[in-house]
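Dear colleague,

Please find the structure we discussed below, handed over for your own inspection. I should be grateful if you would read the notes after it with the model open beside them.

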Amino acid sequence: MNETKLHKESVVFKVIEYIVCVFFSFLSIAPFLVMFINATRSTSEIQQHAISLISEHPFINLAKNWKVFTTKDFHPEVGFKNSFIISTCSTLLTLYFSALTAYSIKAYEWKLKKVLNGLIMGIMMVPGTITMIGFYQMVYKVGMTNKLSMLIIPAIANPMMVYFMKQYLEGSLSLSIVESARIDGASEFRTFNQIVLPLMKPAIATQAIFAYVGSWNNLFMPLILLTDKSKQTLPIVVSLLRGDIYRTEFGSIYLGLSITVLPLIVVYIFLSKYIVEGVALGGTKG
Amino acid sequence: MNNKKLVSYSKYGYIFAIPFVIAFLIFTLYPIVYTFIIGFTDLKGAGNTELHFLTNDIFKNFVDVLTAKSFHTAITNTVRIWIVNFIPQLGFALLFTAWFTDRRTKLKGQGIFKILFYLPNIITAATIGILFNALFGYPKGPINDIIQFFGASEPYPFITKQSWVRGIIAFIQFWMWYGYTMVNLIAGVIGINPEIFEAAELDGASKSQTFFLVTIPCIRPIMVYVLITSLIGGLNMFDIPQVFISTDCNNAGLTTNMYIRNQAFAGSYIYCRAAAASVIMFIIILILCLLLLYFMRDKDEAKLAKIRRQERKAAAARV
C-alpha cells in the first residue's frame, strides 16, 4: 500500500521533471528555429506573420534575401576568413604554450617557479578588458592596429589555461615516465613534444574547444583594434546587421544571422558529446 | 646525487616558461600598468599618445568618472542585470544538476537535454543579441505575434521600454549561461566519491536531504569557481547589450564596459577617463572576488587552521 503510493509519487515527480526539461530544450531551440525559417521567407511575409511554418517559395525568397546583401556591403566571407585565421592560430598558440608552461612548473625545480605560480593564480582573476586602454595605446604607438597578429600573439600567455593544464598534469603525469625518457637519451624538448603532449590530449581537446569558441565569439577586442573593413571578424560583421540600412529587410537580417550560426551548429552536432563531457573535465579541474 | 640531477635540469624550467613570461609581460602586465598610469594623465584625442601627468588634481579622472551620471547608470545596470540573471541561473543549474545526477531516478534522455541546454552558450553573443532584438521586434516581431495571438490587443514596444530592455538582456544572459553552469556543477558531483552517497542512502536520507546536505557541501570548490567566473564575466558584460539595445533607449542597457568603450572610442576619445573607469572596475571586481572567497571559504577548515595556529603558538610559548 505504502509502496504503491511512493511509486505513484515518483512517477508524478518524473513527469514534472520531463515537462520542465522538454520546456527548456524547446527554449534553447525555438529562437534558432524561428531564425532559420524566417531566413527563407520574404520580408513582406514576415511583416504579416512573424511566426509561421516554412514559406511556399523558400528558395526564391532565400535568393531574394541573399540578393539584398550584394547591394549592402555585407561580407560574411571576409568575417569567416579573419575569424578563422585568428581563432585557429590563437588556439594553437595558447594550447601549446600553456601546456609547455604548465609542464615547466610541474616537471622542473627552479627558483622563480613559485613566483610564476603565484602570478598565474593572481592574474587569473583579472579580466582582460581591464587592460584594454593600455593595450590599445601600446598597439597604436607601434602602429599595429588592424593587424590580426595583435589578436593572436597575446594568446601565448593565458594564465587560466595554464592553471587548468597544471591541474591536469598533477593528476596524470608521473615523473618516472620523464625519467625513463631521459635515460633513453631523449632531449627535454623531445620528451615534452612526443611523450607529455600526447598524454595531455584529453585536457588539450576540451580546452581547444573553449579557446576556439571564446576567440571566435569575441567582439570587444576586435571591435576596438580592427577598424579596416577587410580585417573585420565575424562578430563585427554580424553586428553590422543591426544598423539602420537593414531596418526593413527582415528576411535578410534572419538570413545573415543564420549564415553565422549554421557552421557553429554543425560543428556542435559533431562535437557536442565532447563539449558536454569536456566541460566536465575542465570543471572537475577547476 | 638526486639533488644534483634536479639542479642540472632546472634551466629547462626557465626555458620552457620564457615564452609565456615574455608574452605575459608585454601583453598583460605592461597594459595593466599603462592603463593605471593613463588614469593619472590628461590623455585624450584620437591618435594622441603623449602623456601629461595631471599636476594640481591628480585624481581628477577618477572623480570625474565617479561623479558622472552615466557611470552610475552603467554600474547599476551592470549589477542589476547580473543579479537578475545569476540567481535563476544558479537556481536552475542546481535543480538540473540534482535531477541529472540523482542515482535513484535515472532520467532518460539526459544526454540530449544537456546538449540542448548548453547549445546557446556556443553561439556568437553578437548574433544572439541581434536575433533577440529581431524576435522582440516592434511593431512586428515573433514575440509580439505570440502575445497578440494570446489576446493582447496591441503590439508592445519591448525594445524601447527601459525595464524590459534590462529584463531581456538578463534573460539572454541566463539563457546562454545556465547550461554552462549546470555542466560544471554536474562535473563536480561526478567527482564526488560514490561511497558518500551510498552511506547517505543507507542512513535513510531523502532525495532532497542528500542533495542539500551531501552534494552541495561537496561541490563547494566548483561553486566558488562558477561564482567567480560568473561575477567577472557579468561585470564585464559587453556583447549582448552592445548589439541588443536600439538607439531609442540609449542608457537602459548601458554597462560599464560599454561606458569605457564609449569614453575611449565613440567620438570623444577621452582615454584618461576610460582608463580611470577601468581601474575603478578593477578595484570593484577585486573587492567583490575577495568578499566572495571569504564568504565561500571552508569554515571548518578555517577553524581547524585557527586551532592549529593557536596550538603552535602555545607550544612556542611553552618552549
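The notes below take the confidence of the model first, then the two chains, their contact, the core and a few local features.

Please bear in mind throughout that this is a predicted model. For chain A the mean pLDDT is 82, and 91% of the residues reach 70 or more. The pLDDT falls below 50 over residues 282-286 of chain A, a stretch that nevertheless has 17 contacts in the model beyond near neighbours in sequence. Where pLDDT is low, the predicted coordinates should not be read in detail. I would ask you to treat the contacts of residues 282-286 of chain A with that in mind.

Overall form of the chains

Chain A contains 14 helices and 0 strands. Its 286 residues have a radius of gyration of 25 Å, whereas a compact globule of that length would have one near 19 Å. The C-alpha trace of chain A spans about 80 × 75 × 35 Å along its principal axes. In chain A, 43% of the 286 residues count as buried. Of the contacts in chain A between residues at least 6 apart in sequence, 78% join residues at least 24 apart.

Two domains are assigned in chain A: domain 1 covers 2-72 and domain 2 covers 76-240. Their C-alpha centres are 37 Å apart.

Chain B likewise has 14 helices and 0 strands. Its radius of gyration is 26 Å, well over the 20 Å that the globule rule gives for 319 residues, so chain B is more spread out than a compact globule. Along its principal axes, the C-alpha trace of chain B spans about 65 × 65 × 40 Å. Buried residues make up 41% of the 319 in chain B. Within chain B, 70% of the contacts with a separation of 6 or more are between residues 24 or more positions apart.

The contact between the chains

The contact takes 74 residues from chain A and 77 residues from chain B. On the side of chain B that touches chain A, helix H1 (residues 2-38) of chain B gives the most, with 20 residues. That side of chain B divides into 56 nonpolar, 16 polar and 5 charged residues.

The largest nonpolar core

The largest nonpolar core has 150 residues, and the members that touch the most others are A:Met165, B:Leu185 and B:Tyr271. Helix H7 (residues 162-190) of chain B supplies the largest share of this core, 17 residues. The core also draws at least three residues from each of domain 1 (2-72) and domain 2 (76-240) of chain A.

B:Leu185 may be a convenient place to begin inspecting the core. Leaving aside residues up to four places away in sequence, B:Leu185 touches B:Ala93, B:Leu94, B:Thr97, B:Ile219, B:Ile222 and B:Val226.

Local features

Helix H6 (residues 132-141) of chain A is mostly covered, with 7 of its 10 residues buried. These buried residues are A:Met132, A:Ile133, A:Gly134, A:Phe135, A:Tyr136, A:Gln137 and A:Val139. After H6 of chain A comes A:Gly143, which has a positive phi near 65°.

A:Asn146 also merits a look, as its phi is positive, about 65°, although this residue is not a glycine. A:Asn146 is placed in the loop between H6 and helix H7 (149-152) of chain A. Is A:Asn146 buried, exposed or partly exposed? With 14 other C-beta atoms within 10 Å, A:Asn146 is partly exposed, because that class lies between the limits of 12 or fewer for exposed and 20 or more for buried.

In chain B, B:Leu213 lies in helix H9 (residues 207-218). B:Leu213 has 13 C-beta neighbours inside 10 Å and therefore counts as partly exposed. Although B:Leu213 and B:Phe92 are 121 residues apart along the chain, their C-alpha atoms are separated by 18 Å.

I would welcome your comments once you have examined the model.

With kind regards

Conventions. Residues numbered from 1 in each chain as written. Chains lettered and ligands numbered in written order. Predicted model: local features only at pLDDT ≥ 70, side-chain atom pairs only at ≥ 80, totals over all residues. Core = buried A, V, L, I, M, F, W, Y, C linked by C-beta atoms within 7 Å. Helix = DSSP H or I, 4+ residues; strand = E, 2+ residues; numbered from the N terminus. Domains from an automatic or database assignment. Contact = placed C-beta atoms within 7 Å. Nonpolar A, V, L, I, M, F, W, Y, C, P; charged D, E, K, R; others polar. Rg over C-alpha atoms; globule rule 2.2 N^0.38 Å. pLDDT = per-residue confidence, 0-100.
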